[in-house]
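Work through the exercises below with the structure open. Each task is followed by a stepwise solution.

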Amino acid sequence: MISLAGRDILHTWGKFVFTGVGLGLLIGVTLVMAGVYRGMIDDGKALLDNSGADLWVVQKDTLGPYAESSSVYDDLWRGIRTIPGVAAAANITYLTMQVAKGDKDVRVMVVGIMAGEPGLPGWPPYLVAGRQITRGHYEAVADIATGFKLGDTLTIRRNHYTVVGLTRRMVSSGGDPMVFIPLKDAQEAQFLKDNDAILMQRRRTEANPAFNRPGVPGLLDAVIASQTTNNYVNAVLVRIAPGYTPQEVAEPIRRWKRLTVYDRAQMEGILIGKLIATAAKQIGMFLVILAAVSVAIIAFIIYTLTMDKIREIAVLKLIGTRNRTIAAMIMQQALALGLIGFAVGKITATFAAPLFPKYVLLISQDAIVGFIAVMVISALASLAAIRMALKVDPAEAIGG
Amino acid sequence: MKILPFQGRTLALVAVIVSLLALLFYVALRSGPLAPVAVTVAAVENRAIQPALFGIGKVQARYTYLIGPTFAGRVKRLDVHVSDRVKAGQVLGEMDPVDLDDRIRAQQAAIKSGEAALRQAQVKRVFAQTQATRYEKLLAARGTSEEVVVTKRQELAVADAALAAARDELNRFRADLQGLRAQRSNLSLIAPVDGLVSVRDAAPGTTVVAGQAVVEMIDPASLWIDTRFDQINATGLAANLPAEIVLRSRQGEILQGHLLRVDPLADSVTEETLAKIVFTKIPEPLPPVGELAEVTVQLPELPVAPVIPNAAIREVDGRRGVWKVEGGKPVFTPVVFGRHDLQGHVQVKQGLSVGDRIIVYSEKALHQGSNLHIVERIPGVSP
Amino acid sequence: MSGHGIRIEGLKKRYGSGETAVDALKGVDMQVAPGEVVGLIGPSGSGKSTLLKCLGAVITPTAGRMTLGNDVIYDDGWKVRDLRALRRDKIGFVFQAPYLIPFLDVTDNVALLPMLAGVPNDESRRRALELLTALDVQHRARAMPAQLSGGEQQRVAIARGLINRPPVILADEPTAPLDSERAMAVIRILNEMAQKYETAIIVVTHDEKIIPTFKRIYHIRDGVTYEEAGEGKSIT
């Protein structure tokens, strides 16, 4: 016995492959959508992993530093450093802003890292080019997603920074790439306003008789100076020494009454549960819709393929072909179509994923589930077509 | 099937299917958790590094002179403008004497009246003396009572005292006059040294209090840079080290200088060490006071030691170290580090030997057992 | 395989029931001897198609008796269990249009039937080639149906109808789309095959060109058949 399915595919291979490719693109889009969803979750995890912290110390009763703004004094870290169980404590600031790149703007998260050495919490954990920051000012390490290259100059507020190192996959929870600069520069960037605003503030202070007393020379200057200093950071990152649990270390810090402390699990809950939740749900719903559309289209394609052959099926039945044989032909074609579709879809998804502006994470689990789903859907769709095919009256082959 | 019909077409389709499957296989292997991580590798080398310290400073004048009146008054005129060079002793301006001249005249009049009072006191004393002598003689001749003589003696004493008082009063007036004259001469604002006028704090007509500066001066030869270094990166900061200075407004120009001194008081709030850097030759035109400058202090070259790039430093489980490549697999090696320079070279004190191959750049975080794919350059990074 | 051809007695077919019932066949008698080619002529609505469908075991008659060779296949009810096998092995079909399977080449179109019956592929193809040669269309053995002319396709269809050496062949307007030369060729082939394989062939037609060639003709009108002697003109 020859394979009727195989012969039919060979005969109309162009249409078959073309249909398979079309189906594959649809499956590819669905896989990419799943990848976008996973990518969002991974962005949140990457942010937490890359910070190198086990505990986050933030302003009391805030969900900061990522989900909510938080300000703590920048000398707080010294007190935290001496608590038993703390291996390292470092200040950190986060500021999402536009940075000029040539004549375009790039949206980045500017991270202020405390003076020290690589390995301190907050410092980029690994680089793909260049070196870590060695000077206390005006150097930056940028993520390659910003488009900056080694040696580029970027401008943040008043200052110019030279890019000395590049990282990969350092992103904020929103997917904005990070730029690491020394903490002092970042504090200035975060809290020091632009020149116009500073001039306005100076004029207001000068006009205020409480600060501009003739009998007290120097008072005005002192007040203006105090307005332009900044003693705040967004959080203190803490790394726990081996042998201590996060609770043991977090409790004493919490008892200081002005601070909230989150451990890794709680931060994940905040980031992924609160920050990303809505966007993730949105994507999840879209994914479901895409999957439903895919199901409908696979079913439709297989139905149409069968309908095209209805005359031949009637003739086959008339000349004595077994129902089983006809059913097998349709089922085999459907499965072959599903296979081609999935292969094209997976390959397209893999090559298209890096082109997306935000991270798209394709995991094997999704691919396997997708494969099983496509095969099952193809089989089920073919059942409908088979039912129709078997109902065909062979007498139709004989004219009225 | 003995012979495949339509060999050409079948072969083509088979080729398409096979290549599709191969691509799928490739994709499965290259992405996902089994995928190898691209890394670059370097060898630990022996090198002499020259550490340097980097700080930001502000151009300041070592000596700033604030010239102003010693009493409250009004500024009458200022003869100099900002950026004028002045010589020592030059008159920069003058305060309004207001009523000072009148007060001097009043004081002179007071002196005159004091002199008159003195003469009056002298005359009175002479008279009292005469009277006393006469009544003494009368007492000797029993021409008067003891009481009268005593009274006359007392009047003499009073007249003496009054004379002394009148003299002292006159001296006081004279001293006051001298004081007023001194103040009168103080109305002029005089430049204490050669220098440059940097600020005019009060315009003519402004009322100022005692001690308030009207004109500020700096000595341009004494410009230095008040520099701040992060304490954690200030190892080896000491006087007389050579320094390179780059002024904010002159980015491409490197000026030479050296470290004059490290301040004994550091800034504990910002955790910075303060130091003063002087120019070897003050640049012309003068950089404005307050301009920012970047200062790099060169430390002496260190002896040759094993050195690694700081991009290789990783932290795993609370320990700092590097990933060594052993048998194609990554092995985390804790390292004790020494000094470092500004180019990112870090000395290795313990944990690695020269020639060990370590991972410098990686496209992902590494774990024990990661598959490595050693490349020249991480994909995605342009040269 | 051969035997006494096909015999139909008192075949009735009623569509529907009750008041809307339609009697398409009201008692048809027919008999075709092995090796004989008879014509079946009738206007549309006469029950021609219904008769063919009953003969082809595609629909179930209401009453009557059908005998194929030595076997009674229907006697007021089907007497065979596997109708499809009956169609495959005992009845050959030749249609108005060739209805070749477009994705099988000519040889496989013909060889399909024995393959379905379980004959090994090599043997099936050998037999197919034999028939194609007899029908003088073997030079197109590897071509796809779309590449053949109408007449060639029709001949392949005839080969398909013959390959299982069925005792009966039902041909429904086999010459309708053909010109007179081709039509005569088809009738000649049918007669040759009938002679050679002792097949009883019933040709439903109203093609004036071929009607004179039949020796016997059945007319069907209002569900009843009338036999008539034909001209029996020789075929050139």
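Two strands count as paired if DSSP finds at least two bridges between them. The model is predicted.

**Exercise 1. Which residues are the bridge partners of B:Gly57 in β12(B) and in β16(B)?**

Step 1. Start with β12(B), residues 223-230 of chain B. Six bridges join this strand to β3(B), and the two run antiparallel.
Step 2. Read off the partner there: B:Gly57 bridges to B:Thr227.
Step 3. Turn to β16(B), residues 292-298 of chain B. Its pairing with β3(B) is antiparallel and spans seven bridges.
Step 4. In β16(B), B:Ala293 is the bridge partner of B:Gly57.

**Exercise 2. Why is strand β3 of chain B largely enclosed by the rest of the structure?**

Step 1. Apply the cut-off: a buried residue has 20 or more other C-beta atoms within 10 Å of its own.
Step 2. Take the strand's residues, 52-61 of chain B. Eight of the 10 are buried, so the strand is largely enclosed.

**Exercise 3. Which strands are the edges of the open sheet of four strands in chain B?**

Step 1. Write the order: β4-β11-β9-β6, with antiparallel pairing.
Step 2. Look for strands that pair on one side only: these are β4 (64-67) and β6 (85-86) of chain B.
Step 3. Check the β6(B) end. β6(B) pairs antiparallel with β9(B), residues 195-200, over two bridges. There, B:Val86 stands opposite B:Gly195.

**Exercise 4. How many Å separate the centres of domain 1 and domain 2 of chain A?**

Step 1. Set the bounds: domain 1 covers 2-44 + 277-399, and domain 2 covers 60-192 + 230-258.
Step 2. Taken over C-alpha atoms, the centres are 48 Å apart.

Key:
Residues numbered from 1 in each chain as written. Chains lettered and ligands numbered in written order. Predicted model: local features only at pLDDT ≥ 70, side-chain atom pairs only at ≥ 80, totals over all residues. Domains from an automatic or database assignment. Buried ≥ 20, exposed ≤ 12 C-beta atoms within 10 Å, placed from the backbone.
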